[in-house]
Amino acid sequence: MWEPTNTPEQDRFRKLQELRAQGIDAYPTQVERTHTTAAARQAYEVISPADAESHDDAPPLNVTVCGRIVRQNLKGKVYFAHIEDGAGRLQLFVRIDNVGEDTYELIKQQIDLGDFVQASGSMMRTRTGEISVLVDEFVLLSKALSPLPVIKERELEDGTIERYGEFSDVEERYRQRYADLAVNPDTREVFRKRARTLSAMRQFLDGEGFLEVETPILQPIYGGAAARPFVTHHNQLHQDLFLRISFELYLKRLLVGMYDAVYEIGRDFRNEGVSFKHNPEFTQMEFYKAYIDYHGVMDLTERMIAFIAEQVTGSTRITFAGHEIELAPPWKRITLRAAIREKTGIDYVDHRDAPSLHAAMQAAGINASPKDTWGKLVDTLLGDAVEPDLIQPTFMLDYPRDISPLAKMIPGDEMHVERFEFFIGGMEMGNAFTELNDPTDQEQRFLEMGRLYADEDEEAMPMDEDYLRAMRYGMPPCGGFGIGVDRLVMLLADKSTIREVLLFPHLRERQ
RNA sequence: GGGCGUGUAGCUCAAUUGGCAGAGCAGUGGCCUUUUAAGCCAUAGGUUAGGGGUUCGAUUCCCUUCACGCUCACCA
């Protein structure tokens with residue numbers, strides 16, 4: 001059984017017991033709200049505009065509003081409080097003459113900041129012009145036993161809001177997100193932006209004729225990416241299962257099944273390191289569309305991201321980490337080979353095996369493990385030398401075949417596949433390619449990947465026989481795309497860590 | 001996993017070279033019938049993240065455990 005651990009909690013717990021002793025239900029069932037705080041304010045502004053000569057002759061407007069007490073000021077025989085609901089804040093003006101001594105005593109003795117209350121009365125303006133409810137009935141809706149951090153704010157002459165006191169401890173904000181949300185309106189806004197991002201994404205894709213689908217999260221074989229999976233077990237079926245690391249192989253089966261264009265928005269799980277841009281579970285959107293190649297996917301990508309930014313922030317021009325970023329098409333396009341050559345002077349085509357490329361990188365002062373495969377070395381060059389500078393949206397084109405087992409070759413080019421990744425704000429945002437639809441080539445690539453990674457690498461991509469069987473029925477030529485939705489939200493909300501855009505980010509268990 | 005840093009009252013932060021652990025807000029009691037960071041008077045609140053050590057004496061120095069942050073490694 002919970003017991004108060006500090007003075008404020010002891011006080012609140014005592015008040016709860018006092019209420020019970022008086023026969024007052026601190027958590028009543030019945031609520032009778034007639035107006036949100038915003039609706040009450042709006043309705044009153046109509047009949048008593050701010051610039052009216054007198055507010056006394058405004059017709060009476062009776063309301064019942066509910067909310068959490070976020071500021072209070074007991075001033076002898078009057079009591080002011082601001083309540084907050086999902087729509088905003090509104091001041092309550094309580095006079096002992098209007099509510100009676102019993103209610104006033106209840107407010108004085110048992111009501112705290114953080115309590116949810118219901119107030120009925122007539123709308124009015126105070127002497128300073130603030131729209132308020134002159135309360136004649138006051139009911140406690142829910143007693144708060146633990147104190148929330150108190151944040152006071154003041155509007156300065158230039159309209160900016162100065163805050164006094166804050167709830168800023170990063171760890172506590174993540175562990176007790178409910179308190180963070182309750183107290184910090186900025187945090188609430190981040191997740192409204194997140195919701196608008198997802199909604200705009202669906203709106204765009206639906207408008208382009210895509211069908212939203214859902215595919216298995218628990219999979220007997222994982223694939224579609226190079227990552228370590230989480231493993232789980234189905235007891236009755238005696239079957240080990242993996243939590244998916246991507247949607248790719250299931251979505252492409254659906255093109256065999258004659259949907260022209262599909263997308264899925266959902267959670268992926270990767271059993272890997274945690275960082276400012278990696279969470280063990282994260283939200284991904286992938287789409288696949290028949291009869292387009294990666295150029296068509298680039299066109300969709302530019303238009304989609306610009307559309308989402310417009311819907312979420314009101315503009316295609318955003319600020320991220322102090323940079324002005326223009327998301328309107330067309331975006332910069334550069335081949336991976338040219339970008340690496342520009343930044344490092346290394347042309348990987350001149351170094352076609354791992355030892356040779358590694359030596360060139362050493363000579364250029366770029367560290368990498370000598371055990372890395374050739375493809376991994378190229379990836380290191382991209383990540384270290386190129387990626388951090390890609391602030392403005394950039395399509396990075398044409399990746400080495402070895403690190404892209406699901407993408408189609410560029411005709412007449414032995415080394416490269418039709419693949420792009422796109423970068424904004426120095427972060428990799430997503431990945432796309434002209435999808436490999438030749439079942440014999442695909443089988444060959446799976447076999448090569450198995451050899452490449454051998455058994456010491458847990459990122460090895462296992463052979464998915466059923467996927468190959470699907471492809472043998474014929475898969476239309478198609479373009480595919482994947483984007484890290486959390487990173488997109490980071491960009492649009494101007495947050496530097498993924499944890500700020502996840503409601504409940506993964507944290508180590510506390511002992 | 002490695003390196004660096006942080007952890008003091010419910011919240012935000014102080015504490016000189018190792019020398020009585022403090023403030024503001026929140027709380028409690030009192031005054032105040034138009035306040036809004038309300039104000040005034042009084043008052044309570046601490047295993048200084050946990051454990052161990054050095055010392056007459058540790059928030060401070062050392063070791064260790066834990067969590068978080070930054071960074072490196074890792075991360076189609």
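## A tour of chain A, starting at two packed helices

Start by selecting helix α7 (residues 185-207) together with helix α9 (residues 294-313): the two pack at an angle of about 140°, and their axes lie 9 Å apart. Keep in mind as you go that this is a predicted model. Angles over 145 degrees would count as roughly antiparallel and 65 to 115 as roughly perpendicular, so α7 and α9 are oblique to each other. Rotate the view and you can check the handedness too, as the crossing is right-handed.

Which residues of α7 meet α9? Show side chains for Lys 193, Arg 196, Thr 197, Ala 200, Met 201, Gln 203, Phe 204 and Leu 205 on the α7 side. Their partners in α9 are Leu 300, Arg 303, Met 304, Phe 307, Ile 308, Gln 311 and Val 312. Colour this contact by residue class and you will find 9 nonpolar, 3 polar and 3 charged residues.

Next, zoom out to the whole of chain A. The chain has 15 helices and 20 strands. Its C-alpha atoms fill a box of roughly 90 × 55 × 50 Å along the principal axes. The radius of gyration is 30 Å, whereas a compact globule of 511 residues would have one near 24 Å. Colour by accessibility, and 48% of the 511 residues come up as buried. If you prefer a contact map, look at pairs at least 6 apart in sequence: 64% of those contacts join residues at least 24 apart.

Now select Leu 113, in the loop between α4 (101-110) and β4 (116-125). Is Leu 113 buried, partly exposed or exposed? Its relative accessibility is 24%, so Leu 113 counts as partly exposed. Leaving aside residues up to four places away in sequence, Leu 113 touches Arg 12, Ile 69, Val 70, Arg 71, Gln 72 and Val 150. For a distance to try in your viewer, pick the C-alpha atoms of Leu 113 and Pro 49: these residues are 64 apart along the chain, and the atoms are separated by 30 Å.

For the last stop, go to helix α15 (residues 485-493). How many of its residues are buried? The helix is mostly covered, with 9 of its 9 residues buried. Charged side chains are on that list as well: Asp 486 and Arg 487 are buried, and among the others are Val 485, Leu 488, Val 489 and Met 490. Step just past the end of α15 and you reach Asp 494, where phi is positive, at about 55°.

Notes:
Residues numbered from 1 in each chain as written. Chains lettered and ligands numbered in written order. Predicted model: local features only at pLDDT ≥ 70, side-chain atom pairs only at ≥ 80, totals over all residues. Heavy atoms only, no water. Axes fitted to C-alpha atoms, helices over the stretch in contact; angles between N-to-C directions. Helix = DSSP H or I, 4+ residues; strand = E, 2+ residues; numbered from the N terminus. Parallel < 35°, antiparallel > 145°, perpendicular 65-115°, else oblique. Left-handed = near helix turned anticlockwise from the far one by under 90°. Contact = heavy atoms within 4.5 Å. Nonpolar A, V, L, I, M, F, W, Y, C, P; charged D, E, K, R; others polar. Buried < 20%, exposed > 50% of the residue type's maximum accessible area, 1.4 Å probe, protein only. Rg over C-alpha atoms; globule rule 2.2 N^0.38 Å.
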